[in-house]
Amino acid sequence: MNYLLFPGRHLVNTMFQAAYLQKILSTPPSELPGFLPGRASLSASPTGIIFAITSANQENSRFNPIPFHVRAMGVDRFARDLRQRAVFDFRVFGIPHYGHTESFARFTVKEIANQSEQHIKLTPDNCLVLCSTSEVIQLYREMGFAIAPAELAEPEPKPATPIEIIREIGAHGSDWKTRPLVKCHLAPSHQSLFEDLPEVPQRIARLYQDPLTNQEGSLTETRNYSTYAHGMNEIIRLKYLDIRPGIRPGRIVDEGCADGALLAEISRDFPDSDLFGIDLSAEFAGRFHERQRAREFGGAYVHFFHRNLLDRIFEPGSIDTTICNSTLHELWSYAEQEKTVRDYLAEKFRQLCPGGRLIIRDVVGPEGGDREVLLWCSDTDGSNLASADLSRHAGRDAAWLQHLSTRSRFCLFAKDFLAGKRPFPYQETVRDGRPFCRLTLRQAAEFLSKKDYTGNWKSEMNEEFCFWDFAMWKSVLAEIGFHVHENPNDPAEGSRVYTNPWIVQNRYENRVALFDAGIHSLPWPPTNMVLVAEKPRQ
C-alpha cells in the first residue's frame, strides 16, 4: 500500500484540505503543485491516509483547545465524508506532545509503527507526507520523504488554515457559525461536529478570551512545573494538617488545585464528600488526570475543572468548603490586584452554603509593613558578586543562583522583582562597621519569602506576597460578610498567622537579620497565615 501521512494537531479540517486530498488521491505525486521530491520516486497515488493527530495528550490551551477524542471524532467524520468522493483506507493515530524537538518527524513515524503493532511502517519508499509548515517539512525531508506542501504552494490569497479558523471561533464565541472564515472554509464535517457538541466552540472562546492564560494554557511562561509541583508536594501533608480542622464535609472545592495533591490527602479523610479541583494550567490538568487514573483519590468522587478561578462555576449556596491554598497571591499578582481579590472573595461567599467555610492558606505581609528597617545579608555564604557583574549575567539558572551569596541575591532581587515595573528603593548604609540595606519591612519580607526559590526565580519575581497583613485580610473578609473563625483556646483549629520555624532555621539564621534604626534585633516577619472564614447561617 502507498500511504499519505497527514500530521498535524487537526483542531479542525478545512474545505481546502478536502479538495487537496482528492487531488492527491487521483494525481501522481510529481504533478502536485509545489511537490518536493524525496529519496525515492513515488509514481503512484496513495491508497491509504494516515491521520497523525499530534499533541494528542494536550488540551485546554490556545495552542490545543480541543481534546484528542473530539479531534479524532472530527477527523473520522472528515475522512468518511471524503470517502463519498474518493476510494481510500484511513487510520487515525494520536501522537504525544514532544515539545520543540528536531526528532519530531522520526518520533511520529516510530509512534505509528508501534501503535499499529508494526503493521504500518512508513518509509520514503511507500509514503508521501502532506505538510504546510516549513520547519516540519524540513524534518521529514531530512529523513528522505517527499512532500505535498498543501497551502504553502497555493497562490495568494492563500486558503484559510485551521488555526486561523480556530482563532476566529475563539474571538466570536457563540456567533461562530456566522463568521466569514467559518462559513467559507470550515469543512462540513466540523461544522456538524461543533453543532452536535456546542460545548467545544464555547471552550475555544473561553480559552481565547481568558485574560490570564497564555498560549500554552498557563499563568506564566517561566514556571518549571516539575520543580514547582515537587516543591509544593514535598510538604503537602503539612499543609493539609494546617487546614484539616476547618474543613466541612460535603462538596469540597480546591481552587488552584495544581496536580491534585491536596485533594488526594482530603479524599482519605472525606471519602463520602464530592471533591472538585480547579486550575487553569494545562500542564497541571494532565498531571491531575494521571492521579485520577492511578486511583490516588480512592473511592471519592472527584472532578477537575480546567478553568480560570475568576469564572463563575458553581450555583449559589452549593459548596460546603472552598479551599484556597497558595492561590490568592497569584490572583493579586497576575490580575487586577485588590479589585480581583475582593471580587473573588465575594464570589466565594456567594457559592458557599450557609455555614459553609472558605479556608485560605497563603503567604501574608507583616504588620506595620511601611516602617523602615535595616536588613543585613551575609556576603560570605556564596559568591559575592558586584552589581556590575550581576548585571552582565542575563541568565537565572538555578545552579548559578544557588552559588550566590545572600547579599548578591538581594541585589539581584531588587533588580528583578516585578520585572522592574515598580521601583524597589533601598539605601546601603554602614552601622557599627556592618553593612545594611535600609528599606521598608514589607520590602524585606518580600525578599525573605522568595530568596530561596532558585528553581523558579523568574516566575516568582512576578508575584507579590506581602500586599496585605493579617489584620487587613480579616477586615476585608468581614466587609464581604464572612465571620472569621478564631479559637484562642486552640489556635490550630481557627484562623492564625505564624512564622515557620523550619524556614527560620534553614533559610534565615546566619544568612539574614532584621534590625530597627537603633540596631535592635527585630522578630522575623510571618511566613504564613490560615484563615477560616464562615458564611453565617442567617
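## Strand pairing

Strands β11 (residues 372-377) and β13 (residues 434-440) pair over four bridges, in the antiparallel sense. One contact point can be named: Leu374 has Arg438 of β13 as its bridge partner. The model is predicted.

In general, the strands of a sheet pair through backbone hydrogen bonds, in a parallel or an antiparallel manner.

## The sheet around the pair

β11 and β13 belong to an open sheet of four strands. The order is β12-β13-β11-β16, and the pairing is antiparallel. Two strands sit at the edges: β12 (427-431) and β16 (512-515). Each of these pairs on one side only. On average, neighbouring strands of the sheet are turned by 35° against each other, with direction ignored.

## The helix across the sheet

Which strands does helix α18 lie across? Helix α18 spans residues 441-450 and lies across β11, β13 and β16. Its direction is about 110° to β13.

## Aromatic pairs

The structure holds 29 aromatic pairs. One of them joins Phe410 and Phe447. The geometry is edge-to-face, with 5.2 Å centre to centre and 90° between the planes. Phe410 lies in helix α17 (residues 406-416), while Phe447 lies in helix α18. The two residues are 37 residues apart, and the pair links distant parts of the chain. Phe410 and Phe447 are both buried.

A second edge-to-face pair is made by Phe436 and Phe515. Here the centres are 5.6 Å apart, and the planes make an angle of 80°. Why does this pair tie together parts that are 79 residues apart in sequence? Phe436 lies in strand β13 and Phe515 lies in strand β16, so the pair spans that separation. Phe436 and Phe515 are both buried.

## The aromatic cluster

Phe410 and Phe447 also belong to one aromatic cluster. Its other members are Phe413, Phe417, Phe424 and Tyr426. Helix α17 contributes Phe410 to this group, and helix α18 contributes Phe447.

## Charges over rings

Two lysines sit over phenylalanine rings. The charged end of Lys450 sits over the ring of Phe465, at 3.7 Å from the ring centre. Residue 450 is also where helix α18 ends. Lys535 lies over the face of Phe349, and the distance to that ring centre is 4.9 Å.

Technical notes. Residues are numbered from 1 along each chain as its sequence is written. This is a predicted model: local features need pLDDT of at least 70, side-chain atom pairs count only at pLDDT 80 or more; totals for chains, interfaces and linings use all residues. Side-chain values use heavy atoms; hydrogens and water are left out. Two strands pair if DSSP finds at least two bridges between them. Axes are lines fitted to C-alpha atoms, for helices over the stretch in contact, and angles run from 0 to 180 degrees between N-to-C directions. Contact means heavy atoms within 4.5 Å. Rings of Phe, Tyr and Trp (its six-membered ring) pair if their centres lie within 6.5 Å; planes under 30 degrees apart count as stacked, over 60 as edge-to-face and the rest as tilted. Buried means under 20% relative accessible area, exposed over 50%, partly exposed in between (1.4 Å probe, protein chains only). A charge sits over a ring if NZ of Lys or CZ of Arg is within 6 Å of the ring centre and within 35 degrees of the ring normal.
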